[in-house]
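Please open the structure in your viewer and keep the selection panel at hand. The tour below proposes one selection after another and says what is to be found at each stop.

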Amino acid sequence: GDLLRAGAAEFGFGPDDTWAMFHSCAFDFSVWEMWGALAHGGRLVVVPHEARRSPGALLDLLVRERVTVLNQTPSAFRSLEQTDAEEPERGRELALRWVIFGGEALSPAVVRSWYGRHQDSLPVLVNMYGITETAVISTWVDLDHDHGTAPVVPIGKAIAGTRLYVLDNRLRPVPPGVAGELYVAGSGVARGYLHRSALTAQRFVPDPFGPAGSRLYRT
């Protein structure tokens with residue numbers, strides 16, 4: 001619930017949006033794709049297998065269906081981005097408002113290449129970070145031209161209802177610039193792993209910064 005409400009507030013999703021469901025239901029990214037569209041009254045276009053394997057066919061589908069919200073892993077988007085570069089006239093027909101990345105680290109080179117041909121307001125590239133154990137998405141950040149020349153692309157700020165901590169091995173906050181482990185807290189943290197109590201105890205630990213009974217997830 002918090003994820004979808006935060007998405008509506010941050011991105012202005014609504015009934016005029018068309019989402020592409022690119023990913024398999026076995027991948028947690030598909031939860032965001034499916035319910036992001038349906039919870040806001042939008043239209044959901046299920047991308048067929050052939051288009052998921054062919055960047056040219058995917059670009060055709062995005063143009064034909066007037067897709068406004070596209071979610072991609074950076075590696076999948078790189079192939080689409082290369083096709084867009086080879087056929088810029090088709091790329092100019094896109095109706096995209098948002099291209100949202102998740103699932104793996106995003107290279108500044110991808111941002112730099114895309115924004116070299118497209119303005120950074122339509123579509124906006126968004127980098128997200130999250131894991132299944134914290135309801136798919138924990139952070140996001142809008143990207144602009146400057147992120148294409150940065151050493152790394154940041155993962156952004158916590159979404160509404162989520163708290164982030166960088167802690168040492170004794171659950172103490174580390175100073176800025178000191179390496180630590182990222183912990184996630186908030187309404188999106190799962191209860192644990194089904195029938196795996198030992199692993200649950202290892203990864204879901206008591207939250208010393210939150211209300212009684214709350215837990216942190218060790219990323």
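For the helix pairs on this tour, an axis is a line fitted to C-alpha atoms over the stretch in contact, and an angle is taken between N-to-C directions on a scale from 0 to 180 degrees. The model on screen is a predicted one.

**First stop: α1 and α2**

Select helix α1, residues 2-11, together with helix α2, residues 29-38; the two pack at an angle of about 65°, and their axes are 10 Å apart. Angles of 65 to 115 degrees count as roughly perpendicular, and α1 and α2 are therefore described as roughly perpendicular to each other. Their crossing is right-handed. To view the contact itself, show the side chains of L3, L4, G7 and F11 in α1, which meet W32, W35 and G36 in α2.

**Second stop: the nonpolar cores**

Keep W32 displayed and add L62, I100 and W140, since these four are the residues with the most contacts inside the largest nonpolar core, which has 45 residues. Helix α4, residues 55-64, gives the most to this core, contributing five residues. A second core, separate from that one, has six residues, among them Y165, L167, Y183 and A185. In soluble globular proteins, nonpolar side chains tend to be buried together.

**Third stop: α4 and its surroundings**

Now select α4 on its own, where G56, L58, L59, L61, L62 and V63 are buried. What do the buried residues of α4 pack against? Colouring their partners separately will bring out three strands and three helices in turn: β1 (18-21), β2 (43-46) and β3, and then α3 (49-53), α5 and α6 (88-91). Just after α4, R66 has a positive phi of about 55°.

Of these partners, take α5 next: α4 and α5 pack at an angle of about 75°, with 9 Å between their axes, and the two helices are therefore roughly perpendicular to each other. On the α4 side of this contact are P55, G56, L58, L59 and L62, and they meet S79, L80, T83 and D84 in α5.

**Fourth stop: α5 and α7**

Stay with α5, residues 74-86, and add helix α7, residues 108-115; here the packing angle is about 25° and the axes are 10 Å apart. Are α5 and α7 roughly parallel or roughly perpendicular to each other? Angles under 35 degrees count as roughly parallel, and α5 and α7 are therefore roughly parallel. In passing α7, α5 makes a left-handed crossing. The residues to display are F77, R78, E81 and D84 from α5, with A109, V110, S113 and W114 from α7, which make the contact.

**Fifth stop: β3 and β4**

Select strand β3, residues 69-72, and look at each of its faces in turn. Both are covered, with V69 and N71 buried on one side and L70 and Q72 buried on the other. In a regular strand the side chains alternate between the two faces of the sheet. Adding strand β4, residues 98-101, shows a parallel pairing in which four bridges join the two strands. One bridge to inspect is that of Q72, whose partner in β4 is F101.

**Sixth stop: I159**

Go next to I159, in the loop between β7 (157-158) and β8. Is I159 buried or exposed? Buried is the word for residues under 20% relative accessible area; I159 has 5% and is therefore buried. Leaving aside residues up to four places away in sequence, I159 touches L3, I137, S138, T139 and W140. A distance drawn from its C-alpha atom to that of M128, 31 residues away along the chain, comes to 9.8 Å.

**Last stop: the open sheet**

Finally, select the four strands that form an open sheet in the order β8-β9-β11-β10, with antiparallel pairing. At the edges are β8 (162-167) and β10 (204-206), each of which pairs on one side only. Neighbouring strands are turned by 35° against each other on average, with direction ignored.

Walking across the sheet from β8, six bridges join this strand to β9, residues 181-186, and L164 has V184 as its bridge partner there. The step from β9 to β11, residues 215-218, is made over two bridges, with V184 standing opposite Y217. Three bridges then join β11 to β10, where F204 stands opposite Y217 of β11.

Notes
Residues are numbered from 1 along each chain as its sequence is written. This is a predicted model: local features need pLDDT of at least 70, side-chain atom pairs count only at pLDDT 80 or more; totals for chains, interfaces and linings use all residues. Side-chain values use heavy atoms; hydrogens and water are left out. A nonpolar core is a set of buried Ala, Val, Leu, Ile, Met, Phe, Trp, Tyr and Cys residues joined through side-chain atoms within 4.5 Å. Buried means under 20% relative accessible area, exposed over 50%, partly exposed in between (1.4 Å probe, protein chains only). Two strands pair if DSSP finds at least two bridges between them. Angles under 35 degrees count as roughly parallel, over 145 as roughly antiparallel, 65 to 115 as roughly perpendicular and the rest as oblique. A crossing is left-handed if the near helix is turned anticlockwise from the far one by less than a right angle, and right-handed if clockwise. Contact means heavy atoms within 4.5 Å.
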